[in-house]
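Here is a friendly tour of one protein chain, meant to be read with the structure open beside it. We start with a strand, then look at a helix, a pair of backbone angles and the chain as a whole.

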Amino acid sequence: MATYKPKNILITGAGGFIASHVANRLIRNYPEYKIVVLDKLDYCSNLKNLNPSRSSPNFKFVKGDIGSADLVNYLLITESIDTIMHFAAQTHVDNSFGNSFEFTKNNIYGTHVLLEACKVTGQIRRFIHVSTDEVYGETDEDAVVGNHEASQLLPTNPYSATKAGAEMLVMAYGRSYGLPVITTRGNNVYGPNQFPEKLIPKFILLAMRGLPLPIHGDGSNVRSYLYCEDVAEAFEVILHKGEVGHVYNIGTKKERRVIDVAKDICKLFSLDPDMVIKFVENRPFNDQRYFLDDQKLNNLGWSERTTWEEGLKKTMEWYTSNPDWWGDVSGALVPHPRMLMMPGIERCIDGSEEVKGMVSQFTNNQSRMVVPVSKVVSGSPRKHSLKFLIYGRTGWLGGLLGKICEKQGIPFEYGRGRLEERSQLILDIQNVKPTHVFNAAGVTGRPNVDWCESHKTETIRTNVVGTLTLADVCREHGLLLMNYATGCIFEYDAGHPEGSGIGFKEEDKPNFTGSFYSKTKAMVEELLKEYENVCTLRVRMPISSDLSNPRNFITKITRYNKVVNIPNSMTILDELLPISVEMAKRNCRGIWNFTNPGVVSHNEILEMYKKYIDPSFTWVNFTLEEQAKVIVAPRSNNEMDASKLKSEFPELLSIKESLIKYVFEPNRKALAD
């Protein structure tokens, strides 16, 4: 069998985990090969992964997206590329359930761009396409022979479906245009440098922090794990000895249940598995087993070298020595991470002095490194890879959001544009370059929603046109929009009677049309369902610890001459606004009832006010019929089911507990001081 000798290799996605190990290995072992790395530095990529190659004369880094046809064609021609090793892809299954379109864009369209460039330039001698064992689908539990390379492809999740689709394109270009393609399908890989959304690094970091290890389902799912250096060697063998037109499985016959992986990590940290392991909700579909037949690759001379015990120990030692390699990864350590995988989210390269030095060194020699360096404000080194753009500067929620960002050290700027002016919003995004956008702007009316009844055009302009324009602009720029909406779109009915404890769920259709304000909010919420980049948070009767704020529900009712007495769901901003920031980090999407669990009545709140704040306070009740005589538009009264939010944030307090902890106790203490 003739050995293939490349000259100039383009490796896509080599800022990521597996490809960085392959790139570093080839650069180290073959100084006569020129290695060009193309990576857009997405959330799971890190330039530091390429540190071993930084001083090598045969290495060049280009920051860019494989979806850019002009860039790909330019690189193939100017760098005289004869070999492509295509690793770049979105790979995390949890993410694919929440953002499947982005997987199609990256995994299928990106691959198609590369293949078309190869066809056009006509100079590629090898195209190695990196796929996954998941394209085979689930292996029977009692199977003793693994899937071989000719097995049927039966993907079961959006991630594996896009990888199978990409494989079909690769095969088609090989057959129709004669491209010299090779495809690999590999088992799970673990080791140093892996982004901690994956099982093993996540469990190691959680164990280091003394936190529970969350296991999907019952932990009986079986997986095969290969150490990263063994996999890098496999690609080295396939590059030189692989036959054009063939597929190669990269696997191991040593299988482990997820629960056993967790127990092995507990053992390394001397933790009690019964105390640390926590079983959580399973994925929408979680394949029970993947099992590969790797004999074909063994015939080329490759075999697994690293034992499970040895590899796991090396991996643990690396993470304990490099705990801050990835910066703030709190969003990845939750049971079902949903990291933002859009063009607006790229890993910052101006954080640490080490990385800044790496970029500076490479950019001083343009023949070796092509990557723009972001500006760093003097005296303010970036601590986060986040930056928020907030609309609603003069509003109550917008002002509180700014204070939360300041407290957490998150860079942010307030939007200058009007929501209904598309060009102004685009300019804001271009100037600020945010990772997330928060919409706390909107018309509620002053002093109350009755204003909207006589200002309907202004209400529509902001609440409907403005919100939809912002959502659309954010979608075009690949940005998650956190949109503060309202729960005042429901009222108690026969299916949700007052006092029953049956709350309206996120999927329930709004049934309250008593006020024009609520009509516009219900309308825009329905339309926003078409935007997959929006997280809608239904705020209700907001309360904060600032009892002097006239927008505070408590402040309002303590100043009324008379009040009704009806139980309602409410939002304690001191507890829930920080949660909304965390939801942005976790890339939460869709509609959420953004209230504390349970209900509280007007009288119950005023009783607390009297107990904690003003013992001499008195009030008078009146009926809804009497209230209707002094207001223009009816008011919404309802209970909302907050179980979805409680499931995501188990520490969330009930409405009465939250009122005491965040509002009344702090104010009583302040009065005492």
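A residue counts as buried when its relative accessible area is under 20%, and as exposed when it is over 50%. Keep in mind that this is a predicted model.

**A covered strand**

With that cut-off in hand, turn to strand β1, residues 8-12. Five of its five residues are buried, so β1 is mostly covered under the cut-off of 20%. Its side chains fall into two sets: N8, L10 and T12 point one way, while I9 and I11 point the other way. Both sets are buried.

Which strands pair with β1? One is β2, in the parallel sense and over five bridges. Another is β4 (residues 83-86), also parallel, over four bridges. Individual residues can be placed in this arrangement: L10 has V36 of β2 as its bridge partner, and I11 stands opposite M85 in β4. The link from β1 to β2 involves helix α1 (residues 17-29), and β1, α1 and β2 together make a right-handed β-α-β unit.

**A helix with buried residues**

Further along the chain lies helix α20, residues 602-612. Its buried residues are H602, N603, I605, L606, M608, Y609 and Y612. What covers them includes α18 (553-559) and α23 (655-672).

**Two positive phi angles**

Most residues other than glycine have a negative phi. Against that background, L41 and S270 are worth a look. Phi of L41 is near 55°, and S270 has a positive phi of about 55°. Each belongs to a loop: L41 to the one between β2 (34-39) and β3 (59-63), S270 to the one between α8 (258-268) and α9 (273-276).

Is each of them buried or exposed? The table gives the values.

| Residue | Phi | Relative accessibility | Class |
|---|---|---|---|
| L41 | near 55° | 1% | buried |
| S270 | about 55° | 67% | exposed |

L41 counts as buried because its relative accessibility is 1%. S270 counts as exposed because its relative accessibility is 67%.

**The whole chain**

Stepping back, the protein chain has 23 helices and 19 strands. Of its 673 residues, 57% count as buried. Among contacts between residues at least 6 apart in sequence, 82% join residues at least 24 apart. The chain exposes about 28,100 Å², and carbon and sulfur atoms supply 52% of that area.

Definitions and conventions: Residues numbered from 1 in each chain as written. Predicted model: local features only at pLDDT ≥ 70, side-chain atom pairs only at ≥ 80, totals over all residues. Heavy atoms only, no water. Buried < 20%, exposed > 50% of the residue type's maximum accessible area, 1.4 Å probe, protein only. Contact = heavy atoms within 4.5 Å. Areas by Shrake-Rupley, 256 points an atom, 1.4 Å probe, with all protein chains shown as cover. Pairing = 2+ DSSP bridges. Right-handed = clockwise from strand over helix to strand, strands pointing away.
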